[in-house]
Amino acid sequence: FVQVFWFFGLHGPNVLSPVLDGVYIPLLNQNTDAYNLGARGADLPFLWTRGSFDAFVWMGGSGCTIALLIAIFIFSKRDDAKAVAKLSFPMGCFNINEPVIFGLPIVLNPIYFIPWLLSPVVLTIIAYAATYFGLVSPVAIPVPWVVPPVIYAFLATGADIMAAVVAAINLVVATLIWIPFVMLANKMDTAE
């Protein structure tokens with residue numbers, strides 16, 4: 001739903017904040033309390049918390065747009081897309097993606113709708129499975145949302161190097177999801 005709201009120009013995480021924060025922040029708080037008492041990994045009470053989205057899914061912002069920017073740098077032949085990517089990348093490194101959402105745009109852009117919806121779902125499944133099977137510690141430490149991707153996962157899990165590895169894998173997976181659509185956008189006539 002975060003992605004759907006964004007697609008129509010509404011700030012998805014802010015619109016859904018009462019639900020996301022109302023459900024997931026208490027879980028993060030309980031994990032933090034348990035972590036402070038010495039619990040680690042499987043001993044933490046909850047597998048998925050509010051910070052899990054930022055650590056593994058919303059890298060560069062909702063939709064893992066940092067992966068979109070990487071795909072544009074490598075595969076785009078459009079000067080307009082490359083210009084937006086160059087201007088958006090520094091902010092994307094700190095999970096601020098409004099410049100790419102409104103500048104590219106992703107809002108009301110049918111070419112990017114499928115990866116925009118698909119990428120977060122796939123990344124959530126990968127990260128949740130990694131956490132469920134004990135490959136990654138659950139997120140237990142509140143970290144400011146502007147901490148760069150991969151580093152965020154490392155810090156939020158109490159310096160779990162595997163969390164950083166899973167975040168990096170998710171970044172590659174998201175880039176692979178975005179690539180075909182960036183290449184499709186190459187064929188669009190800018191005059192249209």
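**Helices H5 and H6**

Begin by selecting H5 and H6 in this predicted model: H5 passes H6 in a left-handed crossing. The two axes come within 9 Å and cross at roughly 140 degrees. That angle makes H5 oblique to H6, because only angles over 145 degrees count as roughly antiparallel. To display the contact, show Ile66, Leu69, Ile70, Ile72 and Phe73 on the H5 side, and Ala81, Lys82, Ala85, Lys86, Ser88, Phe89 and Gly92 on the H6 side. Coloured by class, the residues of this contact are 8 nonpolar, 2 polar and 2 charged.

**Helices H5 and H10**

Keep H5 (residues 65-75) in view and add H10 (residues 161-186); their axes come within 8 Å and cross at roughly 50 degrees. H5 is therefore oblique to H10. The crossing of this pair is right-handed. From H5, select Ile66, Ala67, Leu68, Ile70, Ala71, Ile72 and Phe75; they meet Leu171, Ala174, Thr175, Trp178, Ile179, Val182, Met183 and Asn186 in H10. The class count for the contact of H5 with H10 is 13 nonpolar, 2 polar and no charged residues.

**Helices H8 and H10**

Hide H5 and bring in H8. The axes of H8 and H10 come within 10 Å, with a crossing angle of roughly 165 degrees. This angle is why H8 counts as roughly antiparallel to H10. The crossing of H8 past H10 is right-handed. On H8, the residues to select are Ile111, Tyr112, Ile114, Pro115, Trp116, Leu118, Ser119, Val122, Leu123, Ile126, Ala127 and Ala130; on H10, they are Val166, Asn170, Val173, Ala174, Ile177, Trp178, Phe181, Val182, Leu184 and Ala185. By class, the contact of H8 with H10 comprises 20 nonpolar and 2 polar residues, with no charged ones.

**Three loop positions**

Turn next to the loops. A general point applies to the backbone here: most residues other than glycine have a negative phi, and most peptide bonds are trans.

- Select Asn95, in the loop between H6 (79-92) and H7. Its phi is near 65 degrees, a positive value in a residue other than glycine.
- Select Leu104 and Pro105, which are joined by a cis peptide bond with omega of about -10 degrees. Pro105 belongs to the loop between H7 (98-103) and H8.
- Select Pro142, in the loop between H8 and H9 (151-156). Beyond neighbours within four places in sequence, Pro142 is in contact with Leu28 and Thr32. For a distance label, draw a line from the C-alpha of Pro142 to that of Ser119: the two residues are 23 apart in sequence and 24 Å apart in space.

**The largest pocket**

Finish with the pockets, using a surface representation. The largest pocket holds about 470 Å³ of space. Its lining consists of 25 residues; to centre the view, select Pro13, Arg50, Asp54, Trp58 and Trp145, which lie nearest the pocket centre. The elements that contribute two or more residues to this lining are H2 (12-15), H3 (17-36) and H4 (50-56). Which element gives the most to this lining? H3 does, with 6 residues. Colouring the lining of the largest pocket by class yields 12 nonpolar, 9 polar and 4 charged residues.

**The second largest pocket**

Move on to the second largest pocket, with about 300 Å³ of space. Of its 13 lining residues, select Phe1, Val2, Gln3, Phe53 and Trp58, the closest to its centre. Trp58 thus appears in this selection and also among the residues nearest the centre of the largest pocket. H1 (2-7), H3 and H8 (110-132) are the elements that give two or more residues to the lining of the second largest pocket. H8 provides the largest share of that lining, with 4 residues. By class, the lining of the second largest pocket has 11 nonpolar and 2 polar residues and no charged ones.

Methods: Residues are numbered from 1 along each chain as its sequence is written. This is a predicted model: local features need pLDDT of at least 70, side-chain atom pairs count only at pLDDT 80 or more; totals for chains, interfaces and linings use all residues. Side-chain values use heavy atoms; hydrogens and water are left out. On a 1 Å grid over the protein atoms alone, a cavity is a set of points where a 1.4 Å probe fits but cannot get out, and a pocket is an open set with protein on both sides within 12 Å along at least five of seven lines; lining residues have an atom within 4 Å of a point. Grid points are joined across faces, edges and corners, and a volume is the space filled by probe spheres set on the points. Ala, Val, Leu, Ile, Met, Phe, Trp, Tyr, Cys and Pro count as nonpolar, Asp, Glu, Lys and Arg as charged, and the others, Gly among them, as polar. Axes are lines fitted to C-alpha atoms, for helices over the stretch in contact, and angles run from 0 to 180 degrees between N-to-C directions. Angles under 35 degrees count as roughly parallel, over 145 as roughly antiparallel, 65 to 115 as roughly perpendicular and the rest as oblique. A crossing is left-handed if the near helix is turned anticlockwise from the far one by less than a right angle, and right-handed if clockwise. Contact means heavy atoms within 4.5 Å.
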